[in-house]
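Thanks for making the time this morning. I would like to walk you through one model, beginning with its interior, then going through the sheets, and ending with a few loop residues.

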Amino acid sequence: MRRLLTILLILSVASISNANLISNGGFDGSTGMYTADGWDTVWNAGVWADTGQNALKAWGDGAQWGNGGANQLGFAMYAGTTVSLSVDILDPSAEPMTGAEAHLALTFKDSGGNALNGTWGTAYVNVGSGTLTPDTWTNFSFSAVAPAGTVSVDLQLEFQGTSAGGGGGAVWFDNVGIIPEPMTVALLGLGGLLLRRRK
Ligand SMILES: [Ca+2]
C-alpha cells in the first residue's frame, strides 16, 4: 500500500511538471480592443498584430499607477513548487513607455483567497521605461517558490504608470509561459523514506 502511495505520489508530480499552465500565451485567435482569448480579464489592452505577430498591447491613462493589462486567475498550485514565469516584452518606438513599467506578477493564494508573499502579496518583476531596446522583443523570466499554505496562483501582466503625469505610451507582451517545477527531489526522498520504513 505504501509503495502504491509512493508511486502515485511520483506520478502526480510527473504529471504537473514541465507543462505550461497558460491558455493562449501567444495571443493567437481573436484580435481587438479589450479581448484576448483564454484570458480572464483584459483592461486598457487588446490583441493586435502591429509588431508582426499577434500580441497583447497594454497602455496607461497618463496617471500615476494608471494601468492596463490582462490576467489569468486560479491555477491550482502546491506549496513548495517553484513557478517560473517567462514573457516576451516589446517597447514600441511609436508609443514608447514613459514614466511607466511593465509589471509581471505572480500572486500565490491560500484556501481563503488571501494573497501570500509578504507586503504586496505578490512575487513580481518590473521592467522600467527606457530599459528596453525599442521595437525589439526581449524575453524576461523569473521564478518564485509557492509559500506555505498556497493552493492557487494568479498571473498578471500590466502596464503601470510610476510617476505623476506619467504612465504614457504602451507595451506589448507575447509568448507567456508559467511552468511549475515541483520539488521532485524532495518528494522522491520522501518516497524513499516511506519505502525504507516499510522494511
Ligand atoms: Ca504571439
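Let me start with the largest nonpolar core, which has 37 residues, and in which L56, A58, V83, I89, L106, V171 and F173 touch the most other members. By a nonpolar core I mean a set of buried Ala, Val, Leu, Ile, Met, Phe, Trp, Tyr and Cys residues joined through C-beta atoms within 7 Å. Buried, in turn, means that 20 or more other C-beta atoms lie within 10 Å of the residue's own, while exposed means 12 or fewer and partly exposed is in between, with C-beta atoms placed from the backbone. At least two residues of this core come from each of β3 (45–48), β4 (55–59), β6, β7, β10 and β11 (170–181). If we take F173 and leave aside residues up to four places away in sequence, it touches A55, L56, A58, V87, I89 and L157, where a contact is a pair of C-beta atoms, again placed from the backbone, within 7 Å.

I should say clearly that this is a predicted model, in which local features need pLDDT of at least 70 and side-chain atom pairs count only at pLDDT 80 or more, whereas totals for chains, interfaces and linings use all residues. Residues are numbered from 1 along each chain as its sequence is written.

For the overall layout, the protein chain has two helices and eleven strands, and along the sequence these follow the pattern α-β-β-β-β-β-β-β-β-β-β-β-α. Helices (H or I, at least four residues) and strands (E, at least two) are DSSP runs numbered from the N terminus. Of the 199 residues in the chain, 34% count as buried, and among contacts between residues at least 6 apart in sequence, 76% join residues at least 24 apart.

Now to the sheets, where two strands are said to pair if DSSP finds at least two bridges between them. One open sheet has six strands in the order β1-β3-β4-β11-β6-β9, with antiparallel pairing, and its edge strands are β1 and β9 (138–145), each of which pairs on one side only. Within this sheet, β4 and β11 run antiparallel and are joined by four bridges, and A58 stands opposite V171 in β11.

The other open sheet I want to show has five strands in the order β2-β5-β10-β7-β8, also paired in the antiparallel sense. Here β2 (41–43) and β8 (123–128) stand at the edges with a single partner strand each, so one side of each has no neighbour in the sheet. Strands β5 (residues 67–76) and β10 (residues 152–161) pair over eight bridges, and Q72 has L155 in β10 as its bridge partner.

Finally, which residues other than glycine deserve a second look for a positive phi? Y34, in the loop between β1 (32–33) and β2, has phi near 60°, and W65, in the loop between β4 and β5, has phi near 70°. Y34 is partly exposed because 13 other C-beta atoms lie within 10 Å, and W65 is partly exposed because it has 14 such neighbours inside 10 Å.

A last loop residue is P96, between β6 (82–90) and β7 (100–109), which touches D91, S129, P134 and G169 when residues up to four places away in sequence are not counted. The C-alpha atoms of P96 and L132 are separated by 9.8 Å, although these residues are 36 apart along the chain.

Methods
Contact = placed C-beta atoms within 7 Å.
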